[in-house]
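Look at the sequence and the model below before reading on. The paragraphs that follow go through the strands and then turn to single residues.

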Amino acid sequence: MADGSIETSFENGQWKNRVAGSSRAANSHDTKADAVTKGREMAQKRKVEHIVRNRDGKIGQRRGYGPDRPA
């Protein structure tokens, strides 16, 4: 995961968004949908990649919001 990108994953019974390079979650949610929405907003604002992992840890979605990609 590139520095600054956002990763949404399931951990300890909650869905969490983490900024690459950080050891702590930026926020946590009860549902995957809520976490993905917030993670997408964070990635768009930072113009970085958003990686969404399934419960099993495998990448389910990946989308870049860099300057060369439309939001």
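Which residue takes a positive phi in the hairpin of E4 and E5? Gly57 does, with a phi near 95°. Five residues lie between the two strands of this hairpin. The model is predicted, and every value given here is computed from it.

Start with the other hairpin, formed by E1 and E2. Here two residues separate the strands, and Asn12 in the turn has a positive phi of about 55°. Strand E1 covers residues 6-11 and strand E2 covers residues 14-19. The pairing of E1 with E2 is antiparallel and has six bridges. One of the residues involved is Glu11, whose bridge partner in E2 is Gln14.

E2 also pairs with strand E3, residues 27-29, again in the antiparallel sense, over three bridges. Within this pairing, Lys16 has Ser28 of E3 as its bridge partner. As for exposure, strand E2 is mostly covered, with five of its six residues buried.

Now return to E1 and follow its pairing with strand E4, which spans residues 49-53. These two strands run parallel and are joined by three bridges. Glu7 stands opposite Ile51 of E4. E4 in turn pairs with strand E5, residues 59-64, in the antiparallel sense over five bridges. This is the pairing that contains the bridge between His50 and Arg63 of E5.

His50 deserves a closer look. Is this residue of strand E4 buried or exposed? His50 counts as buried because its relative accessible area is 4%, and the limit for buried is under 20%. Its side chain makes a polar contact with the side chain of Thr8, at 2.8 Å. Leaving aside residues up to four places away in sequence, His50 touches a set of residues that includes Ile6, Thr8, Asn17, Val36, Gly39, Arg40 and Ala43. Gln61, Arg62, Arg63 and Tyr65 are also among the residues that His50 touches. Thr8 therefore appears both as a polar partner and in the list of contacts, while Arg63 is a contact as well as the bridge partner in E5.

Two points about aromatic rings remain. The structure holds one aromatic pair. Separately, Arg55 lies over the face of Phe10, at 3.9 Å from the ring centre.

How values were computed: Residues are numbered from 1 along each chain as its sequence is written. This is a predicted model: local features need pLDDT of at least 70, side-chain atom pairs count only at pLDDT 80 or more; totals for chains, interfaces and linings use all residues. Side-chain values use heavy atoms; hydrogens and water are left out. Two strands pair if DSSP finds at least two bridges between them. Helices (H or I, at least four residues) and strands (E, at least two) are DSSP runs, numbered from the N terminus. Rings of Phe, Tyr and Trp (its six-membered ring) pair if their centres lie within 6.5 Å; planes under 30 degrees apart count as stacked, over 60 as edge-to-face and the rest as tilted. A charge sits over a ring if NZ of Lys or CZ of Arg is within 6 Å of the ring centre and within 35 degrees of the ring normal. Buried means under 20% relative accessible area, exposed over 50%, partly exposed in between (1.4 Å probe, protein chains only). A polar contact is a pair of N or O atoms within 3.5 Å; within protein, one must be able to donate a hydrogen and the other to accept it, and residues adjacent in sequence count only if both atoms are side-chain atoms. Contact means heavy atoms within 4.5 Å.
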